[in-house]
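Got your viewer open and a hand on the mouse? Let's take a walk through this protein, one selection at a time.

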Amino acid sequence: MTIERIDLEILRLPYVHFFETSFGRSYDRTFILVRAYAGGVCGFGEVVAEEAPLYSSETTRTAWHILQDFLIPMVFKEGIADPEEFARAAKKFRGHAMAKAGLELALWDLKAKTEGVPLNKLWGGVKAEIAAGVSCGIEDSFEDLVDRIGSYLAEGYQRIKIKIKPGWDVEACAAIRRKYPDIALQVDANGAYAPADIPHLKKLDDFGLIMVEQPFPPYDIWDHAKLQRDMATPLCLDESILSETTARQALEMGSCRIVNIKVGRVSGPAEAKKIHDLCQAQGVPVWCGGMLESGIGRAHNLHLASLPNFKFPNDLSASNRYWKRDLIDPEIVLEKGGVIRVPTAPGIGVNPVEDRIREATVLRETFTP
Ligand code: OSB
Ligand code: MG
């Protein structure tokens with residue numbers, strides 16, 4: 001198989017409701033869609049880099065630059081079509097995990113479609129449906145937050161995650177627990193705290209949380225280990241886990257007891273699978289994080305979350321939690337029991353709708369050898 005053409009498109013889609021984290025509030029999502037073509041088949045990938053370098057150092061424009069000037073020329077020059085070969089070859093370029101992941105995802109979809117199998121068959125997925133959670137942003141008031149949580153619970157989500165930051169943490173948890181003493185609840189700080197906040201963070205032990213995600217900045221796995229020693233609630237690392245190596249180091253140091261896996265952050269599914277297997281071998285459960293993907297990126301995540309060591313409800317919600325109209329038909333829906341079915345058609349197993357993609361496209365370019 002030879003890659004004959006690669007298309008990049010920048011899309012902008014408005015959220016149904018703003019999403020606020022410790023980084024700030026946003027009203028829409030800008031991302032890159034990657035298409036890789038071979039033998040009349042097209043594979044889709046999504047680059048989850050955001051417009052601004054807040055969650056990670058990548059942006060939509062750095063990802064475009066790296067794809068256009070390095071990764072796509074490498075694929076054409078070295079005649080790469082196999083996703084694992086791509087992952088190995090792309091390692092010569094430092095960083096830019098999300099740019100790499102977007103193209104690797106497109107090559108995986110292409111490979112699975114060419115072989116006529118659903119993507120999770122290539123990855124060792126075993127589940128037909130995955131447990132769905134919802135990630136709730138910071139709201140204008142605790143009352144708004146509790147109301148919004150109520151509507152997600154009514155829809156059937158299995159667990160609620162809230163974003164926290166200094167000033168929106170202990171009191172937010174207390175407000176939720178007053179109304180919902182028993183729901184499955186966890187919090188995510190996106191690195192908003194410093195080691196001096198350890199005494200304050202320990203107060204989160206009072207709320208029966210499933211986990212506390214990424215209290216300190218990405219590079220700081222050592223202070224997470226200190227906090228975990230003093231805290232009963234399991235810590236989960238998101239931003240800090242960039243590869244199998246950082247995962248191994250974090251586990252050796254005792255920096256977390258749970259790992260959040262995102263394909264974009266770890267440079268693609270090949271590395272994600274290695275982290276999954278390492279954690280499984282050490283008895284450390286993982287779950288699938290999200291980056292507010294379109295249905296295309298979320299379909300990839302559904303396949304990944306079907307692997308056996310994904311043991312917690314995931315940040316994988318229905319299309320209508322994010323978008324007025326998703327890019328795929330049919331859209332992703334929440335089933336009874338708070339689960340989402342893993343698509344069974346070849347590849348990602350969902351159909352991108354060209355009209356909707358065109359409506360959301362702000363820039364497009366085609367690359368050929
Ligand atoms: O830290 O998990 C995160 C969205 C953007 C950037 C970082 C994060 C998130 C989410 C959203 O929490 C999860 C989802 O896609 O549903
Ligand atoms: Mg997170």
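## First stop: a helix residue

Select R148, which you'll find in helix α5 (residues 142–155). Keep in mind as you look around that this is a predicted model. Is R148 buried, exposed or partly exposed? At 25% relative accessibility, it counts as partly exposed. Now show what surrounds R148: skipping neighbours within four places in sequence, it is in contact with H17 and E139. Then select E293 as well. R148 and E293 are 145 residues apart in sequence, and their C-alpha atoms are 20 Å apart in space.

## Colour by domain

Next, give each domain its own colour. The domain assignment gives domain 1 (5–117 + 351–367) and domain 2 (121–341). Notice that domain 1 is written as two stretches of the chain. How far apart are the C-alpha centres of domain 1 and domain 2? They lie 23 Å apart. Zoom in on where the two colours meet: 43 residues of domain 1 are in contact with 47 residues of domain 2.

## Strands in domain 1

Select residues 5–21, which make up strand β1. Twelve of its 17 residues are buried, so β1 is largely enclosed by the rest of the structure.

Now add residues 24–38, strand β2. β1 and β2 run antiparallel and are joined by 13 bridges. Together they form a hairpin, with two residues between the strands. To see the pairing up close, pick P14 and look across to D28 in β2, which stands opposite.

β1 has another partner to show you: strand β15 (residues 361–367). These two also run antiparallel, with six bridges between them. Which residue of β15 is the bridge partner of E9? It's R364.

While you're around here, try T59, in the loop between β3 (41–47) and α1 (60–78). With 12% relative accessibility, T59 counts as buried. Its contacts, leaving aside neighbours within four places in sequence, are A49, E50, E51, A52 and P53.

## The parallel sheet

Switch to cartoon view and find the open sheet of seven strands. The strands pair in parallel, in the order β5-β6-β7-β8-β9-β10-β11. Which strands stand at the edges? Those are β5 (133–136) and β11 (286–288), and each has a single partner strand, so one side of each has no neighbour in the sheet.

Further in, select β6 (residues 159–163) and β7, which run parallel and are joined by four bridges. Click on I162 and you'll see V187 of β7 opposite it.

## The magnesium ion

Now select ligand 2, a magnesium ion. Which residues are its protein donors? They are D188 (OD), E213 (OE) and D238 (OD), at 2.1 to 2.3 Å from the ion. Along the sequence, these donors follow the spacing D-x24-E-x24-D. D188 sits in strand β7 (residues 185–188), while D238 is in the loop between β9 (235–237) and α9 (244–253), so this pair links distant parts of the chain, 50 residues apart. Try a surface view too: D188 is buried, with a relative accessible area of 0%, and D238 is buried with a value of 0% as well.

## Into the core

Time to go inside. In general, nonpolar side chains tend to be buried together in soluble globular proteins. Here, the largest nonpolar core has 89 residues, and I149, I160, I162, L204 and V259 touch the most other members. Domain 1 and domain 2 both give residues to this core, so it lies between them. Apart from it there is another core, of 34 residues, with I3, L67, L71 and M74 among them.

Centre on V259 for a closer look. Beyond its neighbours within four places in sequence, V259 is in contact with ten residues you can pick out by name: C236, L237, I241, L251, I275, C279, V284, P285, V286 and W287.

## Last stop: the cysteines

How many disulfides does a search of the whole structure find? Zero. Take C256 as an example: its closest cysteine sulfur is in C236, 6.7 Å away, which is too far for a bond. C256 is buried, with a relative accessible area of 6%. Finish with C42, which also counts as buried, at 17% relative accessibility.

Terms used: Residues numbered from 1 in each chain as written. Chains lettered and ligands numbered in written order. Predicted model: local features only at pLDDT ≥ 70, side-chain atom pairs only at ≥ 80, totals over all residues. Heavy atoms only, no water. Core = buried A, V, L, I, M, F, W, Y, C linked by side-chain atoms within 4.5 Å. Buried < 20%, exposed > 50% of the residue type's maximum accessible area, 1.4 Å probe, protein only. Domains from an automatic or database assignment. Contact = heavy atoms within 4.5 Å. Donors = N, O, S within 2.8 Å, 3.2 Å for Na, K, Ca; no water. Pairing = 2+ DSSP bridges. Disulfide = S-S within 2.5 Å.
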